[in-house]
Amino acid sequence: MKDHGRDEILRHRNGRSTFSGRIGYVLAVAGSAVGLGNIWRFPYLAAKYGGGIFLMVYLILVVTFGYALIVSETALGRMTKKSPVGAFGMFGKGLPFKLGGWINAVIPMLIVPYYCVIGGWVTKYLFEYLRGNTAALAEDVYFAGFTSSSLQVEFWFAVFSAAVVWVIMAGVKQGVERMAKIMMPVLVVLAVLVAVYSMTRPGAGAGIRYFLIPNFKNFSIMTVVAAMGQMFYSLSIAMGVLYTFGSYIREDVDIEHSTAQVEVFDTAIAVLAGLMIIPAVFAFSGGDAETLQAGPALMFITIPKVFANMGSGTMAGVLFFLLVLFAALTSAVSLMETSVSTFEDQMGWGRMKCCAVMTGIMLILGSFSALGFGILDFIKIFGLSILDFFDFLTNSVMMPLAALATCILVVRVVGLDKIETEVCQSSKFKRKGVYRFVMKYLAPVFILVILISSIANVLGLINM
Ligand code: PHE
């Protein structure tokens, strides 16, 4: 087996790399988990799909489903010492095993292109703050004006993508990850400051209540569909990533404890981002329904208003977008790395060729997403823009399928007892009861219901 480049925190053992300990593992998983999902995606979904009720559903899903799936994927990775295609392949050679492995492996390849488009938006905003354009960025029309300018979006997408490819090719991944670890605490401190500032603006109280207090009137099945997709996305589950991470850890790493830490950290950052953005929507746009529904644009519309309001917001803008850029970069690098290693393992190609192929996929698919708000805006797939379509396809259709594949593999093929033995090697496995119940009953039924309703919704068969 090859070293997948996780050099700093890895040691070679029996030919396969391993993390140097539990802390190395937790930091690597947290680094991959915290990204645009927490800061950009979570707040806009929470705003759009019901505020407090979305938050409540999300939290319940994290401690049940999220927990069970992280444990399963990590344990399967550690047991097989393989990434998803190889791991599924170890338990059977038939088509279902191939499909189960590949659906997990293909998801990051579809996410990384549009992830880099958003990374490009972040880079552009950083650039504009560096030029001191604080007031212009805070105008309502700025974001729409920028994203409809195809050339600009494509340019910034290319800049961010080039950074990702450069980090992977130049072997500076280690340095970037080390820097990201220093920057993460700074991001947390800044996020707390911005959240406090937003929450104390006049009119923000309504936003705090909207985000924190569940209101059942705002509930719809889409609340659950969106919360589930977000949980997969944010925790980096149902996309093969944790199989790969799991394959790098040693038998003495406490899977249960590490999972809990990652869950808490990832969720705390998401909630913090929500507290930064949603109260600001109420304070600066009077909680108008249209802004709450802004979708992917929400962070880019709301945060600049907060900074412009601060007076000396340019510095805050520079710092904020720089930190978000780093979080996005480490996540994009880990998504790309996972895809590259799938090609390396399954096709047996050299690293250069794998990187070149993945870069090609990224540039082609990403360009469609990038231009979907500009010259390609006449293309709507099921009424969704191209970027939203890829986001929907991966999060609401493919990830539930990938999660279902893992559940079936665990319950029907490997056996819950075997996973339990694997986890118990290093943990007390206190939440064993929850784990078994989720994997055996709750997850499969729930995933199927959600999958069917989200597809029916997008096809317009039912209106939710
Ligand atoms: N979890 C990351 C985020 O929230 C996205 C991601 C998924 C990154 C899988 C790496 C691997 O942005």
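Reader: How do the residues of the shell around the ligand divide into nonpolar, polar and charged?
Author: This is a predicted model, in which local features need pLDDT of at least 70 and side-chain atom pairs pLDDT 80 or more, while totals for chains, interfaces and linings use all residues. Residues are numbered from 1 along each chain as its sequence is written, and side-chain values use heavy atoms, without hydrogens and water. Ala, Val, Leu, Ile, Met, Phe, Trp, Tyr, Cys and Pro count as nonpolar, Asp, Glu, Lys and Arg as charged, and the others, Gly among them, as polar. On that basis the shell holds seven nonpolar, eight polar and no charged residues.

Reader: Which residues around the ligand come nearest?
Author: A residue belongs here if one of its heavy atoms lies within 4 Å of the ligand. There are 15 such residues, and those that come nearest are Ala33, Gly37, Tyr115, Tyr233 and Ser234.

Reader: How far is the ligand oxygen from the backbone N or O atom of Ala33?
Author: Polar contacts here are pairs of N or O atoms within 3.5 Å. The side chain of Asn38 has an N or O atom 3.3 Å from a ligand oxygen, and a polar backbone atom of Ser32 is 3.3 Å from a ligand nitrogen. For the backbone atom of Ala33 and a ligand oxygen, the distance is 2.9 Å.

Reader: Where does the ligand sit?
Author: A cavity is a set of points on a 1 Å grid over the protein atoms alone where a 1.4 Å probe fits but cannot get out. A molecule sits in one if more than half of its atoms lie within 2 Å of its grid points. By that test the ligand is in the largest cavity.

Reader: Which elements give two or more residues to the lining of the largest cavity?
Author: The structure has four cavities of 30 Å³ or more, and the largest has a volume of about 130 Å³. Of its 16 lining residues, Ser32, Tyr115, Tyr233, Ser236 and Leu335 are closest to the centre. Helices are DSSP runs (H or I, at least four residues). The elements asked for are H1, H2, helix H5 (95-130), H11 and H16.

Reader: Which residues are closest to the centre of the largest pocket?
Author: A pocket is an open set with protein on both sides within 12 Å along at least five of seven lines, and lining residues have an atom within 4 Å of a point. The largest pocket has a volume of about 900 Å³, the space filled by probe spheres set on its points. Its lining of 36 residues has closest to the centre Lys48, Ala294, Gly295, Pro296 and Asp388.

Reader: How many residues in the lining of the largest pocket are charged?
Author: Elements supplying at least two lining residues include H2, helix H13 (255-285) and helix H18 (386-414). The lining has 18 nonpolar and ten polar residues, and the number charged is eight.

Reader: In which loop is Ser236 found?
Author: Phi of Ser236 is near 60°, a positive value in a residue other than glycine. Ser236 lies in the loop between H11 and helix H12 (241-247).

Definitions and conventions. Polar contact = N/O pair within 3.5 Å; in protein donor to acceptor, adjacent residues only side chain to side chain.
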